[in-house]
Amino acid sequence: MENSSNHKHLEFIQAVINRMSGYLFLIRGWCVTLIAGLFALAAKDTNKAYILVAYLPLVPFWMLDGYYLSVERCYRALYNSVIAGEKIDPQLSMDASKYASNKNNSWLQSVRSPTLLVFYLGLALIITLLFFVVR
C-alpha cells in the first residue's frame, strides 16, 4: 500500500511541476509577442518611443517568470524528498513551502537563473540594438 501511495503522491507533484513549466513557457511567449507587437508599431509609425516602451513589460515578465521557476524548484525538492523516502506529514502533502527556505529555491536566485538571464538580457540587448537601427 505504501508504494502505491508514494506513486500517486509523485504523480500529483509531477502534475504541479508540469503546470509550472507550462506557465514559464507561456510567460516567455507572451513577453516576446508583446515586444514584437511594439516593434511592429515602431516600424509602422517610425517612432522610437515604441521601442523604449518595449522595456516596460520586460521586467515584470522576468520577475513573474522567476516566481514560477522558484515554485517549480520547491516542488522538485518535494518530489526528490518523496523519492528519497522521507516521511512527509501529513501523507500525500502538497505543501512545498518548507523548501522555499533553501537558497537555490528562492525567488531572487530563480530570477538570476542562467536560463532567465540569457533570455531576458538577450531581449534587452535586441531592444537596444533595434533602438539604434530604427531611424
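Author: Contact here means heavy atoms within 4.5 Å. The model is a predicted one.

Reader: Which residues does Glu72 touch, not counting residues up to four places away in sequence?

Author: Glu72 belongs to helix α3, residues 55-83. Sequence neighbours up to four places away are not counted. The residues that Glu72 then touches are Ile17, Met20, Ser21 and Leu24.

Reader: Is Glu72 buried or exposed?

Author: Buried means under 20% relative accessible area. Glu72 has a relative accessible area of 6%, so Glu72 is buried.

Reader: How far apart in space are Glu72 and Leu123, C-alpha to C-alpha?

Author: Along the sequence, Glu72 and Leu123 are 51 residues apart. In space, C-alpha to C-alpha, their separation is 23 Å.

Reader: Where is Asn104 found, and which residues does Asn104 touch beyond four places in sequence?

Author: Asn104 is in the loop between α3 and α4 (107-111). Leaving out residues up to four places away, Asn104 touches Arg73, Gln109 and Ser110.

Reader: What distance separates the C-alpha atoms of Asn104 and Arg73?

Author: Asn104 and Arg73 are 31 residues apart along the chain. Asn104 also touches Arg73. Their C-alpha atoms are separated by 8.0 Å.

Reader: Which class of exposure does Asn104 fall in?

Author: Partly exposed lies between the 20% and 50% limits. Asn104 has 47% relative accessibility, so Asn104 counts as partly exposed.

Reader: How many aromatic pairs are there, and of which kind is the pair Tyr67 and Tyr68?

Author: Rings pair if their centres lie within 6.5 Å, and planes over 60 degrees apart count as edge-to-face. The count comes to 5 aromatic pairs. In Tyr67 and Tyr68 the ring centres are 5.3 Å apart and the planes stand at 65 degrees, so this pair is edge-to-face.

Reader: Which residues do ring pairs link into a cluster with Tyr67?

Author: Tyr67 is partly exposed, at 43% relative accessible area. Tyr68 is partly exposed too, at 21%. Ring pairs link Tyr67 into a cluster with Tyr68 and Tyr23.

Reader: Which residues make a nonpolar surface patch with Tyr23?

Author: Tyr23 sits in helix α1, residues 2-45. Patch residues need over 30% relative accessible area. Tyr23 has 31% relative accessibility and counts as partly exposed. The patch covers about 500 Å², and the residues making it with Tyr23 are Phe25, Leu26 and Trp30.

Reader: Which ring does the charged end of Arg28 sit over?

Author: A charge sits over a ring if, for Arg, CZ is within 6 Å of the ring centre and within 35 degrees of the ring normal. The charged end of Arg28 is 5.9 Å from the centre of its ring partner, Phe119.

Conventions: Residues are numbered from 1 along each chain as its sequence is written. This is a predicted model: local features need pLDDT of at least 70, side-chain atom pairs count only at pLDDT 80 or more; totals for chains, interfaces and linings use all residues. Side-chain values use heavy atoms; hydrogens and water are left out. Patches are made of residues with over 30% relative accessible area and no salt bridge: like charges are joined within 9 Å, nonpolar side chains (Val, Leu, Ile, Met, Phe, Trp, Tyr) within 5 Å. Accessible areas come from the Shrake-Rupley method with a 1.4 Å probe; for residues, only the protein chains shown count as cover. A salt bridge is a side-chain nitrogen of Lys or Arg within 4 Å of a carboxyl oxygen of Asp or Glu. Helices (H or I, at least four residues) and strands (E, at least two) are DSSP runs, numbered from the N terminus. Buried means under 20% relative accessible area, exposed over 50%, partly exposed in between (1.4 Å probe, protein chains only). Rings of Phe, Tyr and Trp (its six-membered ring) pair if their centres lie within 6.5 Å; planes under 30 degrees apart count as stacked, over 60 as edge-to-face and the rest as tilted.
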